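Dear colleague,

I am passing on the structure below, and I would be glad if you could look it over with the notes that follow it.

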Amino acid sequence: MMRWRYVQLALKQVRRHRTRSLLTVAGVTVAMFLFVAVQTLQQAVHEATSVTAADTSLIVYRENRFCPATSRLPQFYQDRIAKVPGVASVMPMKVVVNNCAASLDVITFRGVPDEFLPEQSAHWKVVEGSIDDWKERSDAALIGQRLAQRRGYRAGQSFDAAGVTVTVAGIIQSSEPQDENVGYVHLEFLQRAAAKGGLGIVTQFFVKVHDPAKLDEVARAIDAEFRADAEPTQTRSEKAFVAAAGSDIVEIVRFTRYLGWGCLAAILALVGNAIVLSVRDRIMEHAVLQTLGFRSGLIARLIITEGVIVGAVGGLLGTVMAMVLVRFGNFSLSTEGLSVNVTPRWIVFGMGLLISIATGVLAGLAPAWQASRREIAECFRAV
C-alpha cells in the first residue's frame with residue numbers, strides 16, 4: 001500500500017509540469033467524455049431492444065409495412081385478436097409522427113380509446129395537469145415528460161405537429177420508456193384529424209398476454225388468424241418491434257463501439273506519453289532518491305501513481321461532463337414513431353472511473369519498469 005506522504009510526492013511531481021499535466025488531463029477528459037457518451041447510448045439501445053422473460057407486450061402491425069403512415073389495419077380486428085388463446089387485452093392504437101426517419105426530435109401522437117386509458121396509465125405519474133382535463137377535451141393530449149422538457153411544453157399550451165393541433169392536458173412521467181416521448185390523444189380525434197386513415201382504421205394493436213413464456217406462440221397465432229385476410233399482420237414483442245424499427249440506429253450504435261475503443265487508446269497514449277516525458281526529465285532525481293534509500297519498487301509505484309492521478313482526474317471530469325449532458329439534454333433517438341431514450345446510468349459512471357484508473361496504471365507500467373531497472377551510476381551517466 002502507498003502511504004499518504006508518497007501520494008503527496010506523486011502529486012507534487014504532477015504539479016511541477018503544470019502545462020503538460022493540464023494538457024494531458026484535458027485530452028483524457030475529452031476522450032473519456034466521448035467514451036462515456038458512447039457507452040450510455042449503447043446501454044440505452046440494449047435496454048430498449050433486449051427481450052426479457054418478463055415481457056408480456058406484443059405489437060400487431062400491418063405485414064411488410066414500416067412507417068406508421070403505411071400501416072393501416074381495420075379496427076374490428078380487435079375482437080378477433082381478443083379471442084386468440086393467451087391474449088389478456090387488446091388496445092387499438094393510431095400512431096402519427098411528424099418525421100418517420102431517424103431523428104433526435106420527433107413528436108409522436110398515439111390515439112387510444114378512452115376506456116383503455118386506466119390500463120395504460122398504470123405506470124404513469126402525472127406531474128402537471130390532470131387526466132380529468134384530458135377526458136373533458138376531445139383535442140387534449142397527455143405528453144411524456146421528456147418530450148415536454150425538450151420542447152418546453154406546459155399544461156394548457158396548444159401546439160401543432162404533423163398537421164394535428166392539440167392542447168396539453170397533462171404531462172406524465174412513466175416507467176415505460178416509450179411513454180416518455182409521445183403524446184396520448186383520443187383515438188377518434190386522431191382518426192379524424194390525421195391526413196391519412198379515417199374512422200375505423202388504426203396503425204397497430206397493443207396486446208398483453210397472460211403468460212410471458214407463450215409470447216411467441218401467441219404472436220404466431222395472431223398472424224395465422226389474419227394470414228388470408230386483405231390486411232395480413234406481423235406480430236412481434238414490443239422490444240423486438242423497437243429493434244426492427246430502429247435497425248439503422250442499432251447498426252450505428254454498434255459502429256460507435258470502435259469509437260469507444262479509439263477513445264481508450266487515446267487515453268492510454270496521452271497518459272503514457274506524459275509519464276514517459278516526466279520520467280526522462282527526472283532521471284537524476286531518481287538516482288538521488290535511490291541514494292536516499294528509496295527502493296526501485298517504490299520509485300515504480302510513485303510513477304504509476306502519477307499515471308493514476310492524471311487518468312483519474314481527467315476521467316472524472318470527462319465522465320461527469322458526459323453524465324450531466326445526458327441528464328439535462330433529454331436526448332431520444334426516434335424512428336418510425338419509436339424512441340430510444342438516452343438516460344444516465346450509474347453503472348456507466350462507475351465504469352468510466354474504473355477504466356480511467358486502470359488506463360493510468362497501464363500507461364505507467366512501462367516507464368515505471370524502465371525507471372526501476374536503472375542503476376544509480378547509469379542514472380548519473382544518462383544526464
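Thr 40 sits in helix α2, in what is a predicted model, and its surroundings seem a good place to begin. With a relative accessible area of 1%, Thr 40 falls under the 20% limit and is therefore counted as buried. A polar atom of the Thr 40 side chain is placed 2.8 Å from the backbone oxygen of Val 36, and, once neighbours within four places in sequence are set aside, the residues in contact with Thr 40 are Val 326, Val 342, Thr 343, Pro 344 and Val 348.

Val 36 appears again in the largest nonpolar core, which has 26 residues and in which Met 32, Phe 35, Val 36, Ile 267 and Val 271 touch the most other members. Two or more residues of this core are given by each of α1 (4-16), α2 (18-49), α10 (247-281), α12 (296-329) and α13 (346-373), and the largest share, 8 residues, is that of α12. For Phe 35, again leaving out neighbours within four places in sequence, the contacts are Gly 260, Cys 263, Leu 264 and Ile 355. Apart from this core there is another one, made of 19 residues, including Ile 59, Val 95, Ala 140 and Phe 241. As general background, nonpolar side chains in soluble globular proteins tend to be buried together.

Some members of that other core also turn up around Gln 204, since Ile 59, Val 95 and Phe 241 belong to the core and are among the residues that Gln 204 touches. Beyond four places in sequence, the list for Gln 204 further includes Val 60, Tyr 61, Leu 73, Met 91, Pro 92 and Met 93. Gln 204 is found in strand β11, which covers residues 204-209, and is buried, with a relative accessible area of 7%. Although Gln 204 and Gln 75 are 129 residues apart along the chain, their C-alpha atoms are separated by 8.9 Å.

Turning to the protein as a whole, the model contains 14 helices and 14 strands, and 50% of its 383 residues count as buried. Of the contacts between residues at least 6 apart in sequence, 80% join residues that are at least 24 apart. The exposed area comes to about 18,600 Å², of which 58% is supplied by carbon and sulfur atoms.

With best regards

Definitions and conventions:
Residues numbered from 1 in each chain as written. Predicted model: local features only at pLDDT ≥ 70, side-chain atom pairs only at ≥ 80, totals over all residues. Heavy atoms only, no water. Core = buried A, V, L, I, M, F, W, Y, C linked by side-chain atoms within 4.5 Å. Buried < 20%, exposed > 50% of the residue type's maximum accessible area, 1.4 Å probe, protein only. Helix = DSSP H or I, 4+ residues; strand = E, 2+ residues; numbered from the N terminus. Contact = heavy atoms within 4.5 Å. Polar contact = N/O pair within 3.5 Å; in protein donor to acceptor, adjacent residues only side chain to side chain. Areas by Shrake-Rupley, 256 points an atom, 1.4 Å probe, with all protein chains shown as cover.
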